[in-house]
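Welcome to a short set of exercises with worked solutions. Please open the model and follow each solution step by step.

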Amino acid sequence: MSSQDVLRSASTLASYNVLLQVMFRVLTFLLNAFTLRFVSKELIGVVNVRLTLLYSTLVFLSREAFRRACLSGVSGTDHSWRQVINLLWLTLPLGVLWAALLVAVWIWLLEVPDPQTVPYYGPAVVMFALSGVQELLAEPLWVLAQAHMFVRLKVVAESLAMIAKCSITVVLVVFAREWGLYIFSAAHLVYTGFLVLCYAVYFIRFLGSKVAAKKGFPLQCVGDLLPRRAAGEPLIDWTLAKLTWSFFKQSFLKQILTEGERYVMTFLNVLSFGDQGVYDIVNNLGSMVARFIFLPIEESFYIFFAKVLKRGRDVKSQKQEDIALAAEVLECLLKLVLVVGLIISVFGYAYSHLALDIYGGSLLSSGAGPTLLRCYSCYVLLLAINGVTECFVFAAMSQEEVDKYNFVMLALSVSFLLLSYVLTWWAGSVGFILANCLNMGLRISHSVLYIRRCFGSTQWKPLRGLLPSPLLILALAVSAVVTTLSEGLLCCDGGWLLRMVHIGVGALCLLGVFVAVLVTETRLIQFVRTQLLPKYRKKHT
């Protein structure tokens with residue numbers, strides 16, 4: 001597959017992932033708004049912080065390193081798919097070990113919620129752990145689908161699973177509210193079960209078909225999906241296994257950075273379960289755009305960079321047309337996330353109070369909620385830039401550089417936990433966002449320095465993507481002033497008429513910003529039209 005073909009496939013994957021994440025975020029958004037009317041904020045805090053942390057920790061530590069290593073390794077021709085499949089099946093016993101350890105910690109070492117307010121905590125912990133192990137059954141299939149760009153499979157599987165989860169949650173919340181945590185545990189088991197079922201059914205039908213033969217798919221039958229030894233080669237590729245171990249050490253630290261505030265809340269008890277619930281709802285609301293735009297782009301273009309770049313080799317010793325393409329894509333991605341992040345930061349400040357008041361009423365819009373969402377709007381900008389820079393860096397680093405970066409991640413993890421604890425005591429839940437901003441800034445600095453060294457002696461300067469045009473800066477500055485004045489005069493106690501006027505003012509300012517982008521960022525517009533929007537990409541090709 002040529003570099004241009006890889007770019008087209010990665011772009012299509014990013015587009016479908018964005019649409020998928022939009023649907024996920026909208027469904028979760030509506031589901032949270034619905035359940036807020038039926039269950040206590042303490043129960044939401046336990047589900048969205050404590051139990052979700054258990055699940056995310058289990059699956060991340062069990063599979064993330066394998067995903068990164070295998071998707072990077074199979075981009076070349078030196079690795080056998082038989083050995084890759086064997087290696088990927090190790091995620092299952094590893095997941096069982098993590099599940100046993102985490103269940104013991106969650107039940108016997110952590111504070112147990114009041115059973116009158118949050119019933120059935122123990123069984124819920126076990127069920128969330130089982131759902132994580134169940135999801136790992138599809139891991140070899142997921143990697144196969146990602147490596148061969150089966151973009152629609154992921155969309156269909158996760159869409160069906162999410163719809164099933166939401167349906168069960170709504171029905172049980174309305175008709176069996178007394179079940180407590182059983183409601184959310186059962187829904188999560190159904191979600192992971194649907195994922196596994198969809199991937200299994202697809203590959204059972206696909207393997208051995210004429211379509212698979214035409215595409216030259218490396219596996220021939222369902223039995224090839226199971227672990228077994230191939231004649232004349234080791235059970236697993238030890239080079240790939242060593243790379244997996246390097247990524248595993250890194251993923252352990254990255255998980256602490258990614259979910260650091262939940263670990264602090266869970267293990268240090270700096271917030272009550274009710275406050276944790278409010279924080280998590282505001283956090284999810286603030287991260288919607290980051291999750292359904294930035295994360296899919298990061299995941300998809302990591303595959304592109306991993307396939308185009310030769311890991312650990314100087315850019316001068318690689319194919320120059322591939323390096324030119326990678327530099328151009330990196331510059332456009334940086335400009336894209338910078339523009340989107342700046343827009344979110346500017347308009348998020350003036351519309352945080354209104355958004356929370358509409359979404360959750362005074363429960364969210366009073367107290368620290370608006371301040372928390374405003375801070376998160378600024379944090380989204382750093383989150384977006386870091387996602388793209390680390391996406392490139394992790395695809396270009398050699399195994400030795402990955403090992404060295406693990407020490408950097410260790411230092412960042414320790415500093416983040418200390419900052420979170422100190423800043424939370426000083427500023428409440430806002431302290432979590434401040435600590436995240438500081439650590440994200442340090443991670444961006446490291447990645448920017450690596451990219452500068454990588455392209456320093458070449459003609460390509462992808463970091464120019466971090467420089468917005470003067471006209472765009474002016475448009476954003478004017479919008480910030482106008483919308484802030486509008487919020488002070490029109491929002492949010494004067495009724496819906498004034499609220500609508502405030503929204504109209506924001507819409508006009510946003511239109512002005514879009515015009516500035518269209519006028520000054522022509523390369524970015526061309527990149528989005530030809531690579532990220534499928535209908536324009538098909539027209540172009």
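Before we start, one definition: a residue is buried at under 20% relative accessible area, exposed at over 50%, and partly exposed in between, with a 1.4 Å probe and protein chains only. Helices (H or I, at least four residues) and strands (E, at least two) are DSSP runs, numbered from the N terminus. The model is predicted: local features need pLDDT of at least 70, side-chain atom pairs count only at pLDDT 80 or more, and totals for chains, interfaces and linings use all residues. Residues are numbered from 1 along each chain as its sequence is written, and side-chain values use heavy atoms, with hydrogens and water left out.

**Exercise 1. Find which residues of helix H6 are buried.**

Step 1: The buried residues of H6 are Glu139, Pro140, Leu141, Trp142, Val143, Leu144, Ala145, Gln146 and Ala147.
Step 2: H6 covers residues 139–147, and nine of its nine residues are buried, so this helix is largely enclosed by the rest of the structure.
Step 3: Just after H6, look at Met149, which takes a positive phi of about 55 degrees.

**Exercise 2. Describe the overall build of the protein.**

Step 1: Count the elements: there are 22 helices and zero strands.
Step 2: Compute the radius of gyration over C-alpha atoms and compare it with the globule rule, 2.2 Å times the number of residues to the power 0.38. The radius is 24 Å, close to the 24 Å that the rule gives for 541 residues, so the protein is as compact as a globular protein of that length.
Step 3: Along the principal axes, the C-alpha atoms fill a box of roughly 75 × 55 × 45 Å.
Step 4: Of the 541 residues, 58% count as buried.
Step 5: Take contacts, meaning heavy atoms within 4.5 Å. Among those between residues at least 6 apart in sequence, 83% join residues at least 24 apart.

**Exercise 3. Work out which residues touch the most other members of the largest nonpolar core.**

Step 1: Build the core as a set of buried Ala, Val, Leu, Ile, Met, Phe, Trp, Tyr and Cys residues joined through side-chain atoms within 4.5 Å.
Step 2: The largest such core has 181 residues, and Phe203, Phe305 and Phe392 touch the most other members. Helix H14 (residues 320–360) gives the most to this core, with 24 residues.
Step 3: Zoom in on Phe392. Not counting residues up to four places away in sequence, Phe392 touches Phe305, Leu309, Leu330, Ile451, Cys454 and Phe455.
Step 4: Ring pairs also link Phe392 into a cluster with Phe301, Phe304, Phe305, Phe455 and Phe527.

**Exercise 4. Classify two of the aromatic pairs.**

Step 1: Rings of Phe, Tyr and Trp (its six-membered ring) pair if their centres lie within 6.5 Å; planes under 30 degrees apart count as stacked, over 60 as edge-to-face and the rest as tilted. The structure holds 22 aromatic pairs.
Step 2: For Tyr279 and Phe432, the ring centres are 5.4 Å apart and the planes stand at 50 degrees, so this pair is tilted. Tyr279 lies in helix H12 (residues 273–286) and Phe432 in helix H18 (residues 430–455), so the pair ties together parts that are 153 residues apart in sequence. Both Tyr279 and Phe432 are buried.
Step 3: For Tyr421 and Trp425, the centres are 6.1 Å apart with planes at 85 degrees, so the pair is edge-to-face. Both lie in helix H17 (residues 399–427), four residues apart, about one turn of the helix.
Step 4: Check the accessibility of each ring's residue: Tyr421 is partly exposed at 36%, while Trp425 counts as exposed at 56%.

**Exercise 5. Which residues are in contact with Arg63 and with Ser246, leaving aside neighbours within four places in sequence?**

Step 1: Arg63 is found in helix H2 (residues 41–73) and is buried, with a relative accessible area of 13%.
Step 2: The contacts of Arg63 are Thr91, Glu135, Leu136 and Glu139. Glu139 is also one of the buried residues of H6.
Step 3: Ser246 sits in helix H10 (residues 238–258) and is buried at 1%.
Step 4: The contacts of Ser246 are Gln399, Val402, Asp403 and Asn406.

**Exercise 6. How many disulfides are there?**

Step 1: Search for pairs of cysteine sulfur atoms within 2.5 Å. The count comes to zero disulfides.
Step 2: Take Cys378 as a check: its nearest cysteine sulfur, that of Cys375, is 6.8 Å away.
Step 3: For Cys437, the nearest cysteine sulfur is that of Cys378, 7.2 Å away.
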